[in-house]
Amino acid sequence: MFDLKGKVAFITGAGRGIGREIGLNLARAGAVVAVTDIADTVFETAKEAQKYRNESIAVKCDVSNLEEVTNAQKHVLDKLKKVDILINNAGIYPQKPFLQITADDWNKVMSINLFGTFYFTKAFVPGMVERRYGKIVNITSISGPAVVYPNLVHYSSSKAAISGFTKALALEMATLGINVNAVAPGAIDVGNMPVGEETLTQIVQAIPMGHMGKPIDVANLVAFLVSDEANYITGQTIIIDGGYSLP
Ligand SMILES: NC(=O)c1ccc[n+]([C@@H]2O[C@H](COP(=O)([O-])OP(=O)(O)OC[C@H]3O[C@@H](n4cnc5c(N)ncnc54)[C@H](O)[C@@H]3O)[C@@H](O)[C@H]2O)c1
């Protein structure tokens with residue numbers, strides 16, 4: 001386990017799924033965590049995280065709403081004084097054929113997946129620059145940066161943009177002690193796959209390892225990337241997909 005004692009980590013979309021597991025895993029590694037989500041379940045995540053680091057807190061926030069982001073930023077800095085580690089995880093993946101995607105659908109996906117990442121990075125990077133220390137991990141997907149799944153043009157576009165954002169920001173931050181990386185998961189079992197049984201079987205059959213990943217698989221990679229053991233890695237999008245994108 002990596003040692004994150006003395007660090008404060010902020011994780012978006014931590015009310016369930018991958019974000020929840022990232023939050024708990026970072027707390028297990030010794031970080032005080034501020035978990036945030038649009039859903040009330042984030043308070044349960046914080047309660048669980050407090051078993052490892054009792055200073056951990058929850059903040060309710062819609063990442064696509066700049067005013068709420070600013071309030072969350074103020075609240076966290078007021079309570080915990082700094083953010084060393086930022087995990088931009090909140091994301092939605094609604095499936096729709098391109099011919100049915102409306103401008104509203106497009107805006108919603110971009111607002112949450114891409115603007116949310118931008119807003120929180122803008123919120124916490126200045127403090128990181130001041131302290132010459134920061135670790136940012138953006139959760140993208142293999143869909144967009146590496147492969148594409150059907151009916152996800154808006155989603156794949158937002159996730160490809162996150163990889164570009166990650167590289168470009170990493171370059172600007174390289175001399176300032178701030179690492180910026182992205183993690184691109186394949187199919188991870190979070191218990192609510194928005195697809196039927198048949199599609200699910202097809203997805204699993206296409207994974208060389210023969211099974212979906214678990215949230216903890218992603219959380220362990222994130223824990224490594226935000227640790228000082230990964231100090232020389234920046235600007236990368238690291239795929240974690242059981243080999244799905246290999247063939
Ligand atoms: N599960 C997968 O197979 C998979 C694969 C690749 C990438 N991802 C990415 O991983 C991330 C997490 O996905 P997941 O599978 O855990 O999803 P999930 O739906 O299980 O959890 C997402 C969380 O984000 C929260 N959220 C949604 N909109 C929000 C908003 N506007 N503001 C704040 N919080 C909001 C939800 O309330 C929820 O708690 C997403 O960015 C997703 O695109 C997931």
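Helices H3 and H4 cross in a right-handed sense in this predicted model. To follow the crossing, look for H3 at residues 66–80 and H4 at residues 103–131; their axes come within 10 Å and meet at an angle of roughly 35 degrees. On the H3 side, the contact is made by Leu-66, Val-69, Ala-72, Gln-73 and Leu-77, and H4 answers with Tyr-119, Phe-120, Ala-123 and Phe-124. Sorted by class, the residues of this contact are 8 nonpolar and 1 polar, with no charged residue among them.

Helix H4 also takes us to our next stop, the largest pocket. Along with helix H1 (17–28), helix H5 (153–173) and helix H6 (197–205), H4 supplies at least two residues of the lining there. The space in this pocket comes to about 1,200 Å³. If you would like to find its centre on screen, start from Gly-91, Ile-92, Tyr-93, Tyr-155 and Val-190, which are the closest to it of the 46 lining residues. The lining is mixed in class, with 25 nonpolar, 16 polar and 5 charged residues.

From here, let's move on to the second largest pocket, which has a volume of about 160 Å³. Its lining includes Gly-186, Ala-187 and Ile-188, then Ile-207, Met-209, His-211, Met-212, Gly-213 and Asp-217. Further along the chain, Ile-240, Asp-241 and Gly-242 line the second largest pocket as well. By class, this lining divides into 6 nonpolar, 4 polar and 2 charged residues.

Terms used: Residues are numbered from 1 along each chain as its sequence is written. This is a predicted model: local features need pLDDT of at least 70, side-chain atom pairs count only at pLDDT 80 or more; totals for chains, interfaces and linings use all residues. Side-chain values use heavy atoms; hydrogens and water are left out. Axes are lines fitted to C-alpha atoms, for helices over the stretch in contact, and angles run from 0 to 180 degrees between N-to-C directions. Helices (H or I, at least four residues) and strands (E, at least two) are DSSP runs, numbered from the N terminus. A crossing is left-handed if the near helix is turned anticlockwise from the far one by less than a right angle, and right-handed if clockwise. Contact means heavy atoms within 4.5 Å. Ala, Val, Leu, Ile, Met, Phe, Trp, Tyr, Cys and Pro count as nonpolar, Asp, Glu, Lys and Arg as charged, and the others, Gly among them, as polar. On a 1 Å grid over the protein atoms alone, a cavity is a set of points where a 1.4 Å probe fits but cannot get out, and a pocket is an open set with protein on both sides within 12 Å along at least five of seven lines; lining residues have an atom within 4 Å of a point. Grid points are joined across faces, edges and corners, and a volume is the space filled by probe spheres set on the points.
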